[in-house]
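Thanks for coming. I have one structure to go through today, and I will take it piece by piece.

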Amino acid sequence: MIRISKTSKLDGILSWSLQALETCQGSLNPDGTLVPACSGCYATTGNYNYPNVKAPRLENKSDWKRDAWVSDMVQALDSSRYFRWFDSGDIYSVALAEKIFQVMEQTPWCKHWLPTRMAKFAKYQDVLSRMQALDNVMVRFSSDSVSGEFDARHGSVIIENPEALPNGATLCEAYNNGGKCNGCRSCYNKDVAVIAYPAHGRKMSKVIRILSTKV
Ligand code: SF4
């Protein structure tokens, strides 16, 4: 069964997610340690550890393999104008990426936002490029930095605070709106090249503190 979440932070926009870290091969450095952005991942703390939050993410990991999954997803998005992939987790399989591409292609009425680190791996680049070529899709390749460093490949980055906004990035102002999007849809907008998210949460603050003391 399709398990879609309604996220209040995203103004009630629907999202489809997997369990964080275990589906996030792009979260690792070559030596197996977590990249800075994933060391403070919000999806490994708080509510995300509750069984009722974990259950749909675990079920989704096997559910997408069903033959009818693409048509079920297309039907589930029938009335949606926006859709967020991966509030947690990532595209851990090329076969899953191909199915997501089909869902995107068959729902031109809906704008899709897909954040990912999988473009690090050559085998994902073709399908991610085909997704990005669709008018209704914005794939955002996330920078590993928590201090605003990004390059031409990236579509998002974490910054230490709103005052540290780097040139060329658009500030996510959810922090000004009780952590909610409050009508902003920049993440889904192909004309917004890079979004900068101010760090939030105690775990991320700790990562930034540790990294700052190493400089
Ligand atoms: S940039 Fe806009 S759409 Fe994206 S998370 Fe922030 S408030 Fe929401």
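Start at the hairpin, with T7, whose bridge partner in β2 is I13. Before going further, note that this is a predicted model. Strand β1 covers residues 5-7, and 3 bridges join it to β2 in an antiparallel arrangement. The two strands make a hairpin with 5 residues between them. In that turn, D11 has a positive phi of about 60°.

On to the next partner of β2. β2 also pairs with β3, this time in the parallel sense, over 3 bridges. One place to look at this pairing is L14, which stands opposite F83 in β3.

Now the loop that follows β2. Between β2 (13-16) and α1 (36-39) there is a loop, and S17 lies in it. Is S17 buried or exposed? It is buried, because its relative accessibility is 1%, and the cut-off for buried is under 20%. The side chain of S17 reaches the backbone nitrogen of D87 at 3.0 Å. Leaving out residues up to four places away in sequence, S17 touches R57, N60, F86, D87 and S88.

T23 is in that loop too, between β2 and α1. With 1% relative accessibility, T23 counts as buried. A polar atom of the T23 side chain lies 2.7 Å from the backbone oxygen of Q19. Not counting neighbours within four places in sequence, T23 is in contact with L18, K61, G89, D90 and Y92.

Next, the nonpolar cores. As background, nonpolar side chains in soluble globular proteins tend to be buried together. Here the largest nonpolar core has 30 residues, and those with the most contacts inside it are W16, W69, W85, I91, L96 and M131. Which elements give two or more residues to this core? They are α3 (69-76), β3 (82-85), α4 (94-105), α5 (122-132) and β5 (137-141). The largest share, 6 residues, comes from α4.

W85 is worth selecting in the viewer. Setting aside neighbours within four places in sequence, W85 is in contact with W16, W69, M73, I100, V103, M104, H112, W113, L114 and P115. Apart from the 30-residue core lies another, of 8 residues, among them L10, W113, C181 and I195.

One residue from β5, then. V137 is found in that strand, and it is buried, with a relative accessible area of 1%. V137 and M104 are 33 residues apart in sequence, while their C-alpha atoms are 7.2 Å apart in space. V137 touches M104, H112, M131, Q132 and K190, not counting residues up to four places away in sequence.

Moving to the other sheet I want to show. How many strands form the open sheet with the order β6-β8-β7? There are 3, and the pairing is parallel. The edge strands are β6 (156-159) and β7, each pairing on one side only. β6 and β8 pair over 4 bridges, and within that pairing V157 stands opposite A196 in β8. On the other side, 2 bridges join β7 to β8, where T170 has I195 as its bridge partner.

Which way do the side chains of β6 point? S156 and I158 point one way, V157 and I159 the other way, and all of these are buried.

Last, the ligand. Which residues surround it? They are C172, C181, C184, R185, S186, C187, I195 and Y197. By class, that shell has 6 nonpolar, 1 polar and 1 charged residues. Two of the names have come up already: I195 is the partner of T170 in the β7 to β8 pairing, and C181 and I195 are both among the residues of the 8-residue core.

For contrast with the buried loop residues, take E173. E173 sits in the loop between β7 (170-171) and β8 (195-198). At 41% relative accessibility, E173 counts as partly exposed, because partly exposed runs between the 20% and 50% cut-offs. E173 and S8 are 165 residues apart in sequence, and their C-alpha atoms are 16 Å apart in space.

To recap the pairings: β2 is antiparallel to β1 and parallel to β3, and the β6-β8-β7 sheet is parallel. That is the tour.

Notes
Residues numbered from 1 in each chain as written. Predicted model: local features only at pLDDT ≥ 70, side-chain atom pairs only at ≥ 80, totals over all residues. Heavy atoms only, no water. Buried < 20%, exposed > 50% of the residue type's maximum accessible area, 1.4 Å probe, protein only. Near = heavy atom within 4 Å. Nonpolar A, V, L, I, M, F, W, Y, C, P; charged D, E, K, R; others polar. Pairing = 2+ DSSP bridges. Core = buried A, V, L, I, M, F, W, Y, C linked by side-chain atoms within 4.5 Å. Contact = heavy atoms within 4.5 Å. Polar contact = N/O pair within 3.5 Å; in protein donor to acceptor, adjacent residues only side chain to side chain.
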